[in-house]
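Student: Could you take me through one part of this model in detail? I'd like a close look at the aromatic rings and how they sit together.

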Amino acid sequence: MATETPPPSRTPAQLPTAEEFVAVQESAEFGELRRAHRSFALPLTLAFIVWYLLYVLLSNYAGDFMGTKVAGNINVALVLGLAQFLTTFLIAWWYARHAAAKLDPRAEAIKSRMEGGA
């Protein structure tokens, strides 16, 4: 049996106005939420892009280094390529934890105030 999300408690006539949305967007609380997101996401995004470009540049210009055998037929290029996948998953996991702990509660407070009119 599928459960459906209950409809919002406000009727269309009671939905927040454009002015209310602008007021929330300009509020200090929303600014803190935006800062908390950007201060986490921007540095990690830049670090991952640098890490990815380093891998690409090494692959193109340091073939001897990337071809260095680590164990058996496993070379540096394969290890670094697999590390790309590992870091992708680690960053996603880390962001999910950060969002659940710091972003979601703030966003939920703003949302409930907007929906509840409090």
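**The aromatic cluster**

Tutor: Let's start with tryptophan 94, which is partly exposed, because its relative accessibility is 45%, and that value falls between the 20% cut-off for buried and the 50% cut-off for exposed. Keep in mind that this is a predicted model.

Now for the ring partners. The count of aromatic pairs comes to two. In one of them, tryptophan 94 meets phenylalanine 40 edge-to-face, with 5.2 Å from centre to centre and 80° between the planes. That angle earns the label because edge-to-face calls for planes over 60 degrees apart. This pair links distant parts of the chain: phenylalanine 40 belongs to helix 2 (residues 28–61) and tryptophan 94 to helix 4 (residues 76–116), with 54 residues separating them.

What about phenylalanine 40 itself, buried or exposed? Phenylalanine 40 counts as buried, because its relative accessibility is 12%, and buried means under 20%.

Phenylalanine 40 also pairs with tyrosine 95, this time in a tilted arrangement, at 5.9 Å centre to centre and 45° between the planes. Here too the pair links distant parts of the chain, from phenylalanine 40 in helix 2 to tyrosine 95 in helix 4, 55 residues apart. As for tyrosine 95, a relative accessible area of 30% makes this residue partly exposed.

Put the pieces together and you get one aromatic cluster made of Phe40, Trp94 and Tyr95. Within the cluster, phenylalanine 40 is buried, whereas tryptophan 94 and tyrosine 95 are partly exposed.

Methods
Residues are numbered from 1 along each chain as its sequence is written. This is a predicted model: local features need pLDDT of at least 70, side-chain atom pairs count only at pLDDT 80 or more; totals for chains, interfaces and linings use all residues. Side-chain values use heavy atoms; hydrogens and water are left out. Rings of Phe, Tyr and Trp (its six-membered ring) pair if their centres lie within 6.5 Å; planes under 30 degrees apart count as stacked, over 60 as edge-to-face and the rest as tilted. Helices (H or I, at least four residues) and strands (E, at least two) are DSSP runs, numbered from the N terminus. Buried means under 20% relative accessible area, exposed over 50%, partly exposed in between (1.4 Å probe, protein chains only).
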